[in-house]
Amino acid sequence: MNRLRRLLRGALPRIFGRYAIGSVVAGVVSEVTLLTVYGLGLLSASMASVVAWGLGAIVNYVLNRSWAWKVRGRPKPLRELLPYWLTAVAGLAIASWGTAAADRIGHQIFTTDGPRVVFVGAVFLGIYGLLFVAKFFLFHYFVFAGTGSEEERADAGEEGEAGRRRSRSQVPTTTRE
C-alpha cells in the first residue's frame with residue numbers, strides 16, 4: 001500500500017497529468033486547424049490533416065519537453081529530437097491515411113458537407129486518442145528518459161534522503177534501549 005501511495009505521489013503521475021493537458025491543448029489546436037481548413041474547403045482531407053498535425057506537433061513538443069518533463073537546455077539530436085519527430089511523423093502518416101479514408105467513406109455515407117466534416121474530424125480525433133498512451137510511454141521511457149528532469153531528481157532525492165536522515169531521535173522512546 002505504501003508503495004502505491006509513493007507511486008501516486010511521485011513524478012510519474014504529475015508528468016502524465018501535464019502530458020495529458022499538453023496533448024489536449026495540442027489536440028484542440030490540431031482539430032480546430034483541421035476543421036477550419038478542411039471545412040472551408042481550403043485543403044483536401046489529407047493535406048488538412050498534415051497542416052493540423054504540424055501545428056499540433058510543434059505545440060505538443062514544446063509543452064512535453066519544457067512543461068511535462070521539465071527538460072531544459074539544448075535537445076539531444078539522436079536521443080531526443082529524432083525519436084520524437086519519427087513518432088510524430090508516424091502519427092502523421094496514420095492520421096493522413098485515416099482522414100483520407102474517412103473522407104472517401106464520408107462521401108459515400110453523407111449527402112451534405114456538415115456531417116462528412118464532423119465524421120472526418122471524429123476519425124482524426126480518434127486516431128489522435130489511440131496514439132496518446134503509446135506515445136506517453138515512448139516519450140517517458142525513451143525520448144525524455146535520462147534527461148535529468150528537475151522533478152524526477154527531486155523525487156529521487158527525497159526518497160534517498162528519507163532513508164539516510166533517520167536518526168535515533170526519530171525512533172519512539174518505547175523502542176529505544
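Author: Angles under 35 degrees count as roughly parallel, over 145 as roughly antiparallel, 65 to 115 as roughly perpendicular and the rest as oblique. This is a predicted model, in which local features need pLDDT of at least 70 and side-chain atom pairs count only at pLDDT 80 or more, while totals for chains, interfaces and linings use all residues. Residues are numbered from 1 along each chain as its sequence is written, and side-chain values use heavy atoms, without hydrogens or water.

Reader: Why are H4 and H5 called roughly antiparallel?

Author: The axes of H4 and H5 (lines fitted to C-alpha atoms over the stretch in contact, with angles from 0 to 180 degrees between N-to-C directions) come within 9 Å and cross at roughly 160 degrees. That angle is over 145, and H4 and H5 are therefore roughly antiparallel to each other. The contact of H4 with H5 has 16 nonpolar, six polar and five charged residues.

Reader: What makes Leu 34 buried?

Author: Leu 34 belongs to helix H2 (a DSSP run of H or I, at least four residues, numbered from the N terminus). Its relative accessible area is 0%, and because buried means under 20% with a 1.4 Å probe and protein chains only, Leu 34 is buried. The C-alpha atoms of Leu 34 and Ser 44 are separated by 9.9 Å, and these residues stand 10 apart along the chain.

Reader: How many cavities of 30 Å³ or more does the structure hold?

Author: The structure holds two, a cavity being a set of points on a 1 Å grid where a 1.4 Å probe fits but cannot get out. About 170 Å³ of space lies in the largest cavity, and about 40 Å³ in the second largest.

Reader: What makes up the lining of the largest cavity?

Author: Its lining comprises 15 residues (each with an atom within 4 Å of a point), and those nearest its centre are Trp 53, Ala 88, Gly 91, Tyr 128 and Lys 135. Helix H3 (45–68), helix H4 (77–109) and helix H5 (113–143) are the elements that give two or more residues to this lining. By class, the lining has nine nonpolar, five polar and one charged residues.

Reader: Which residues line the second largest cavity?

Author: Tyr 19, Ser 23, Asn 60, Tyr 128, Leu 131, Phe 132 and Lys 135 line the second largest cavity. Helix H2 (11–39) and H5 each give two or more residues to that lining, and H5 gives the most, with four.

How values were computed. On a 1 Å grid over the protein atoms alone, a cavity is a set of points where a 1.4 Å probe fits but cannot get out, and a pocket is an open set with protein on both sides within 12 Å along at least five of seven lines; lining residues have an atom within 4 Å of a point. Grid points are joined across faces, edges and corners, and a volume is the space filled by probe spheres set on the points. Ala, Val, Leu, Ile, Met, Phe, Trp, Tyr, Cys and Pro count as nonpolar, Asp, Glu, Lys and Arg as charged, and the others, Gly among them, as polar. Buried means under 20% relative accessible area, exposed over 50%, partly exposed in between (1.4 Å probe, protein chains only).
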